[in-house]
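Colleague: Please show me the model, and let us then discuss its sheet and its core.

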Amino acid sequence: MNGASPAKSLTVPQTMKAWVLDDPEKLRLTEKPVPEPGPAEVLVRVDAVSICGTDVEIITKGLPAIVRGGSPFNKNFTPGHEYMGTIVKLGAGVDEYKIGDRVAVEIHAGCGRCERCRQGMYTSCLNYGLNYEGHSKGHRANGFTTDGGFAQYAVNHINTLVHVSPEMSDAEATLIVTAGTAMYGLDVLGGLIAGESLVVTGPGPIGLMGVAVGKALGAEPVILTGTRDSRLNLGLKLGADHVVNINKDNAVEAVKRITHGRGANYVLECSGAPNALNEAMDMTQRGGRICLAAFPHEPTLVDLAKIVRNNIYLYGIRGEGKSATHRAAAMMNQKKFDAKLMHTHTFPLEELPTAFRYVRERIEDAIKVVVKVS
Ligand SMILES: [Zn+2]
Ligand SMILES: [Zn+2]
């Protein structure tokens, strides 16, 4: 598992193994034609793909995936968005990458023509999901609106690629996009600078990466809150200065205590808990910022007056953006944090449903479950 996949023939077959989503919860392994890269695109042989909480959302509820203008069910759609692999074919005009390059991917190739894309905010592309006949604006979000990485091959726009260092294993490289999401929430969107205090609520993969990236960016102190000691201990290894088990301690009081009564400069909310935003507001100092990076499952009641009275800035993020995966890959290449600590399990492509079960039921405290494809 460690190290790069051995060099293999880069001959491209006509068909490939791919999982497709039939009804909710029903993934089926099938054969599909290997897709053709268009201009500014490449064909990636998927070497490894990691399972994300959002994949679980997609296979159970459909959203946030939107395929051909609607639900992703029964459309021969292949999910999976946190993958890495080897370039095996170049589309017309591609000279930025060459055949044989190892790459990790980010999810969103914006349309490149809307106001958000022109601002570099391609994760909020105004033409989201418009990539099919009659409605083609060129947008792609692999594993969300176009075919993703639970397959042997995938097509990627060159804007969604980043080179992987030869020392980095395939499994670790699948975590670049996870780190990129935390990076975007902290650096470009939230403007975190060295010396600012950071609270991360919820030690799931994005939260743990938030701790690691925040520490690497110079945040001080970095405080992680959660309910499971095993996850909190991992947070300490990834760079948290303080951890708070909210079953034993009051999170708001603990943050106030650690920040000498002031509250934190920045709170990265990764728990999705119903009261998380109210608590985040109580942890944030006046004029501070909150970034929401988890999906709460129900609408929640929020004391908005606190945001007004205290001049709090509120951000929502949807995945990586503004080339954050490049900054995440650079930090991982420089070994600023050890993302490998989050990789707990590996399964072959044929065992994708088992891999999903490990994620959903948190079997053996699974955190990042990687599917090795090639
Ligand atoms: Zn994801
Ligand atoms: Zn766009």
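The exchange below concerns the sheet and the nonpolar core.

Modeller: This is a predicted model, in which local features need pLDDT of at least 70, side-chain atom pairs count only at pLDDT 80 or more, and totals for chains, interfaces and linings use all residues. Residues are numbered from 1 along each chain as its sequence is written, and chains are lettered from A and ligands numbered from 1 in the order in which they are written.

Colleague: Which strands stand at the edges of the open sheet of six strands?

Modeller: The strands (DSSP E runs of at least two residues, numbered from the N terminus) follow the order β14-β13-β12-β15-β16-β17, with parallel pairing; strands pair if DSSP finds at least two bridges between them. Two of them have a single partner strand each, so one side of each lacks a neighbour in the sheet: β14 (242-245) and β17 (313-316).

Colleague: Which residue of β15 is the bridge partner of T201?

Modeller: Strand β12 (residues 198-201) runs parallel to β15 (residues 264-269), and four bridges join them. In β15, the partner of T201 is E269.

Colleague: Between which domains does the largest nonpolar core lie?

Modeller: A nonpolar core is a set of buried Ala, Val, Leu, Ile, Met, Phe, Trp, Tyr and Cys residues joined through C-beta atoms within 7 Å, buried meaning that 20 or more other C-beta atoms lie within 10 Å of a residue's own, with C-beta atoms placed from the backbone. This core has 108 residues, of which A104, I176, A179 and V213 touch the most other members. Domain bounds come from an automatic or database assignment. Both domains give residues to the core, so it lies between domain 1 (15-107 + 142-174 + 340-372) and domain 2 (179-316).

Conventions
Buried ≥ 20, exposed ≤ 12 C-beta atoms within 10 Å, placed from the backbone.
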